[in-house]
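Trainee: I would like a close look at a single part of this protein. Please take me slowly around its largest pocket, and then show me one spot elsewhere for contrast.

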Amino acid sequence: MSLAALCAVSASAQNEKLDRAIADALPVCAEGKVSRSEFPRKLPMNFTATVVKVESANHTCDGQYVAITTPTGGFFLGMPWFIEDAEGATVEQKLHDFAWRGLQQNFTATVTRQRSPYGLYKATLEQTTERGKLPIDGWVDPEGKVFFYGQFRPLSANVRTERAKAFDPHVANAPSRGPASAPVTIVEFSDFQCPSCKRAAHYLDPIIARHGDKVRYVRVDLPLISSHPWAFAAAMAGRAIHRQQPDLFWAYKQQVYENQEKLSAFTIDEFARTFAQDHDLDLTKYDADIASKELQEQILKGAGAAFSNDIRATPSYMVNGALVDAGTEGKALAAYVDSLMK
């Protein structure tokens, strides 16, 4: 085989890997049309990029991303921040300035100046909230020109498997139903104050009824602190209840959603404590857990992991590492789980 033929075979294999990585990284959406086009901007260190556009009749699936590969086999799908024109003498200052001026988000950036296998520095953005610091992961080039919000993963690896692994420590502490050995794990990222989460609260019920122990359902708290003032308090109460009686969490979840329109930042604490009292929980332990910095940090780190691994809204669903659009009344989610069982 000639050198030209070998190069052609190598390029074809690389393209197949990229196609698979993009398909696995994108949300699973019914009737979605995916197109690709040239990326107009220059990236550092011989990185290659293509614009990936998703169009769907279901506009929650619409999106535009940049698929990036590195010379050393890294893969990224997201939207890079071009920070070279931001104000600041350091990369950390540029990241702070870019986020504040462009996104109205107040982040403190920490950059670890040790090159990864992809030639990048690890960067952590910490958003200061009234509940503590919410950490979000990313990567920045050594010249401080581009920040990649999210994760680089090996192009040769299974993107969905890698994404699922990132949530292992957070899933371990979260409320769940079904055996850990189930062939299908559905992780729901949800917010107690979110109206869409309330509407979706029953989506998993028919799936569990249909498949039983073949499905594990995990609920990870993703309280949108900046827009939902009592969501975090509700999440803390749910975790405190779960610590004492794991099965009781699901009744608490139902009660919160049934009363969502009546609750506020002024009433959620009394509502949740009354629930705990009515169900004969140890109130001394409950109060200690509500005040626990460890529990607070668990929720914040779980939320940061979600934002760092492609979760952008609530409710969101991850099925065995694949992001899946729930569809109308959860029917698309149910159909996807059915397809895995076959």
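Mentor: We will go from the pocket's middle out to its walls, and end at a pair of helices. Bear in mind that this is a predicted model, where local features need pLDDT of at least 70 and side-chain atom pairs 80 or more, while totals for linings use all residues. Residues are numbered from 1 along each chain, and side-chain values use heavy atoms, without hydrogens or water. The largest pocket (an open set of points on a 1 Å grid where a 1.4 Å probe fits, with protein on both sides within 12 Å along at least five of seven lines) has a volume of about 1,400 Å³, counted as the space filled by probe spheres set on the points. Start at the centre: Asp310, Ile311, Arg312, Ala313 and Ser316 lie nearest to it, out of 48 residues in the lining (those with an atom within 4 Å of a point). Now look at the walls. The strands β3 (63-69), β4 (74-78), β7 (121-129), β8 (132-140) and β14 (316-319), together with helix α5 (195-199), each bring at least two residues to the lining. Among these DSSP runs (helices of at least four residues, strands of at least two), β7 gives the most, with three residues. By residue type, the lining holds 27 nonpolar, 15 polar and six charged residues (Asp, Glu, Lys and Arg are charged; Gly counts as polar). For contrast, turn to α7 and α8: Ala234, Ala237, Gly238, Ile241 and His242 in α7 meet Leu248, Phe249 and Tyr252 in α8 (heavy atoms within 4.5 Å). That contact has six nonpolar residues, two polar ones and no charged ones.
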